[in-house]
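Reader: I should like a close look at a single part of this model, namely its sheet and whatever packs against it. Please set out the pairing of the strands and the placing of the helices in one connected account.

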Amino acid sequence: MPFINVKTSVEMSGEQAESLRAALTRAAEQCLGKPEAFVMCGFEDNCRLYFRNGGGIAYVEVKLFGKGSAGAYAKMTAQVSDAVSEVLGISSDKIYVNYQESSDWGWNGSNF
């Protein structure tokens, strides 16, 4: 049920998107306990993002149904940062990860 959206200033190939998708869905399962089959990912490359002195930048939104713990979020941030750094070559000090919890989430024509 999480939606993980990655906005980045760099161009992303289809192969990179698939590699990052696999890493992010695996992280959501390992860190947040969300089954990979229910994780949706979105990728927006070539965004006009500005932070510090430019270069590669990423902003990652993790939206999920329910609540997570600070410990789970810390583990998730580490895995997200590692994946984005490895796949896109962006330094971890240029990656923001934002968590948004929701008690209202719809799927398959109804709400949880």
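Author: Two strands are said to pair if DSSP finds at least two bridges between them. With that criterion in place, the sheet of this predicted model can be followed strand by strand. Four strands make up an open sheet, arranged in the order β2-β1-β3-β4, and the pairing is mixed. In general, the strands of a sheet pair through backbone hydrogen bonds, in either the parallel or the antiparallel sense. The edges are formed by β2 (40–44) and β4, each of which pairs on one side only. Direction ignored, neighbouring strands of the sheet are turned against each other by 15° on average.

The account may begin with β1 and β2. These strands are parallel and are joined by five bridges. Within this pairing, V6 stands opposite F43 in β2, and K7 stands opposite E44, also in β2. The connection from β1 to β2 passes through α1, and this β-α-β crossover is right-handed.

On its other side, β1 (residues 3–8) meets β3 (residues 58–65), and here the pairing is antiparallel, with six bridges. V6 has V60 as its bridge partner in β3, while K7 stands opposite Y59 of β3. V6 thus faces F43 in β2 and V60 in β3; K7 likewise faces E44 in β2 and Y59 in β3.

The next step leads from β3 to β4 (residues 95–102), a parallel pairing with eight bridges. Y59 stands opposite Y96 in β4, and the bridge partner of F65 in β4 is S102. Between β3 and β4 the chain passes through α2 (residues 70–88), again in a right-handed β-α-β crossover.

The two helices of these crossovers also pack on the sheet. Helix α1 lies across β1, β2 and β3, and its direction is at about 140° to β2. Helix α2 touches β1, β3 and β4, and runs at about 135° to β4.

It remains to describe how the helices meet each other. Helix α1 (residues 14–32) packs against α2 at an angle of about 165°, and the axes are 9 Å apart. Because angles over 145 degrees count as roughly antiparallel, α1 is roughly antiparallel to α2. Their crossing is right-handed. On the α1 side the contact includes Q16, S19, L20, A23, L24 and A27, and on the α2 side the residues include Y73, K75, M76, Q79, V80 and A83. Sorted by character, the residues of this contact comprise 15 nonpolar, four polar and one charged.

In summary, the part under review is a mixed, open sheet of four strands, with α1 lying across β1, β2 and β3 and α2 packed on β1, β3 and β4.

Notes
Residues are numbered from 1 along each chain as its sequence is written. This is a predicted model: local features need pLDDT of at least 70, side-chain atom pairs count only at pLDDT 80 or more; totals for chains, interfaces and linings use all residues. Side-chain values use heavy atoms; hydrogens and water are left out. A crossover is right-handed if, with the strands pointing away from the viewer, the path from the first strand over the helix to the second runs clockwise. Axes are lines fitted to C-alpha atoms, for helices over the stretch in contact, and angles run from 0 to 180 degrees between N-to-C directions. Angles under 35 degrees count as roughly parallel, over 145 as roughly antiparallel, 65 to 115 as roughly perpendicular and the rest as oblique. A crossing is left-handed if the near helix is turned anticlockwise from the far one by less than a right angle, and right-handed if clockwise. Contact means heavy atoms within 4.5 Å. Ala, Val, Leu, Ile, Met, Phe, Trp, Tyr, Cys and Pro count as nonpolar, Asp, Glu, Lys and Arg as charged, and the others, Gly among them, as polar.
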